[in-house]
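Reader: I should like to learn how to read the features of a fold, one at a time, with the general idea stated before the particular case. Could we work through an example together?

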Amino acid sequence: MLGTGATADGQAVTTLGTSLMNGTSTDHPIFEPEGVGFGFLMPNSRWQRQISNSGGGTLCLDWVVETFCPEIVERIAADETTLGAVVDAAIANTEPGACGLLFHPYLNTAGATAPFVDVNARGSLVGLTPEMTCDHMIRAVLEGTAMSIRHCYEAMPVPIDTIRLTGGGARSRVWAQIISDVLQKTIIVPDVSESGALGAALLAAVAAGEFPDLDTAADHTIPIGRVHEPNPANADLYDRVFAEYRDTLPALRRLWPSLARARTTVPV
């Protein structure tokens with residue numbers, strides 16, 4: 001939180017790494033949703049509320065490419081393309097909404113950890129048709145992770161003004177823009193490679209008297225790399241997609257216990 005400059009009310013941080021962590025800074029402790037996530041006391045009597053989808057980050061993108069797109073994997077291995085270029089092409093070749101394909105990013109075998117806890121949770125692609133390609137599945141994964149981010153923030157009773165995006169996935173401009181469009185929020189991508197390490201350094205700098213407070217330290221050391229503004233033309237579409245994403249979860253949750261019992265260990 002500190003290393004991305006999110007120190008005031010309404011400033012949130014999403015870490016788009018292997019996991020998907022979503023946190024916001026507040027002036028008082030927040031406990032909703034009950035039994036989910038973490039609460040941390042921050043400097044200057046501030047608090048951080050964080051909930052994390054442990055199977056909903058870049059792990060999902062790696063999985064869909066490695067599982068369904070073997071030709072792309074070979075090209076990446078041969079240095080003929082990059083994962084970033086593959087993602088850019090997939091978005092260019094498909095329309096928002098992925099032709100109705102929904103992805104629920106619960107790939108961690110420990111189950112779902114946010115915005116609800118369910119040890120039986122499983123990931124899903126809903127709405128596949130024969131005409132769909134790897135591009136549609138890649139877009140569905142990018143949009144599905146964005147839906148999970150929105151689901152998490154809507155579960156926390158904290159007004160959000162802006163979201164700072166960090167982690168490996170933040171390097172993707174198209175992914176950051178999808179998140180902005182799905183949440184209809186401004187996404188700020190700080191030009192910081194290791195936000196956790198920088199946050200620790202800022203604490204040390206203030207303690208050593210180099211800066212009078214953390215806000216001043218952040219203002220002087222955290223450059224803004226990119227800003228993504230939401231495209232209002234996609235708002236209604238993504239509202240409908242999010243409603244479908246959320247409304248299919250009760251049926252999926254009824255299936256998850258039987259799927260968990262039937263699951264066998266896949267040999268590596």
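Author: What follows goes from the sheet to a central strand, then to a helix, and finally to some backbone details. Please keep in mind throughout that this is a predicted model.

Reader: Let us begin with the sheet, then: in what order do its seven strands lie?

Author: The order is β3-β4-β2-β1-β7-β8-β9, in an open sheet with mixed pairing. β3 and β9 (224–228) stand at the edges with a single partner strand each, so one side of each has no neighbour in the sheet. Neighbouring strands are turned against each other by 25° on average, with direction ignored.

Reader: Which strands illustrate the two senses of pairing, parallel and antiparallel?

Author: For the antiparallel sense, take β2 and β4 (residues 46–53), which are joined by seven bridges, and where T24 stands opposite R49 of β4. For the parallel sense, take β1 (residues 11–16) and β7, which pair over five bridges. On its other flank in the strand order, β7 is joined to β8 (residues 186–190) by three bridges, and these two strands also run parallel. I163 ties the three strands together on the page, since A12 has I163 as its bridge partner in β7, while I163 has I187 as its bridge partner in β8.

Reader: How should I read the side chains of β7, and are they buried or exposed?

Author: The general idea is that side chains in a regular strand alternate between the two faces of the sheet. In this case T162, R164 and T166 point one way from β7, I163 and L165 point the other way, and all are buried. With five of the five residues of β7 (residues 162–166) buried, the strand is largely enclosed by the rest of the structure.

Reader: Which helix connects β7 with β8 in a β-α-β unit, and what is the handedness of that unit?

Author: The helix is α5 (residues 173–183), and with β7 and β8 it makes a right-handed β-α-β unit. α5 lies across β1, β7, β8 and β9, and runs at about 50° to β9.

Reader: Which residues of α6 are buried, and how can I tell whether they line one face?

Author: The general idea is that an α-helix has 3.6 residues a turn, so residues three or four places apart point the same way. In α6 the buried residues are S195, L198, G199, L202 and A205. Seen down the axis of α6, these buried residues fall within an arc of 120°, so they line one face of the helix. They pack against β7 and α7 (214–221), whereas G196 and A207, on the other side of α6, are exposed. As for its length, α6 (residues 195–207) reaches 18 Å from its first C-alpha to its last over 13 residues, close to the 18 Å expected. Just after α6, G209 takes a positive phi of about 85°.

Reader: Which residues other than glycine have a positive phi, and are they buried or exposed?

Author: Two cases are worth setting side by side. D79, with a phi of about 60°, lies in the loop between α2 (70–77) and α3 (83–92), and D79 is exposed, with a relative accessible area of 71%. A98, with a phi near 50°, is placed in the loop between α3 and β5, and A98 is buried, with a relative accessible area of 0%.

Reader: Where should I look for cis peptide bonds?

Author: One joins E32 and P33, with omega about -5°, and P33 is found in the loop between β2 (20–26) and β3 (38–42). Another joins A114 and P115, with omega about 0°, and P115 lies in the loop between β5 (102–104) and β6 (124–126).

Technical notes:
Residues are numbered from 1 along each chain as its sequence is written. This is a predicted model: local features need pLDDT of at least 70, side-chain atom pairs count only at pLDDT 80 or more; totals for chains, interfaces and linings use all residues. Side-chain values use heavy atoms; hydrogens and water are left out. Buried means under 20% relative accessible area, exposed over 50%, partly exposed in between (1.4 Å probe, protein chains only). Helices (H or I, at least four residues) and strands (E, at least two) are DSSP runs, numbered from the N terminus. Two strands pair if DSSP finds at least two bridges between them. A crossover is right-handed if, with the strands pointing away from the viewer, the path from the first strand over the helix to the second runs clockwise. The expected span of a helix is 1.5 Å times one less than its number of residues. The arc is that of the directions from the helix axis to the C-beta atoms. Contact means heavy atoms within 4.5 Å. Axes are lines fitted to C-alpha atoms, for helices over the stretch in contact, and angles run from 0 to 180 degrees between N-to-C directions.
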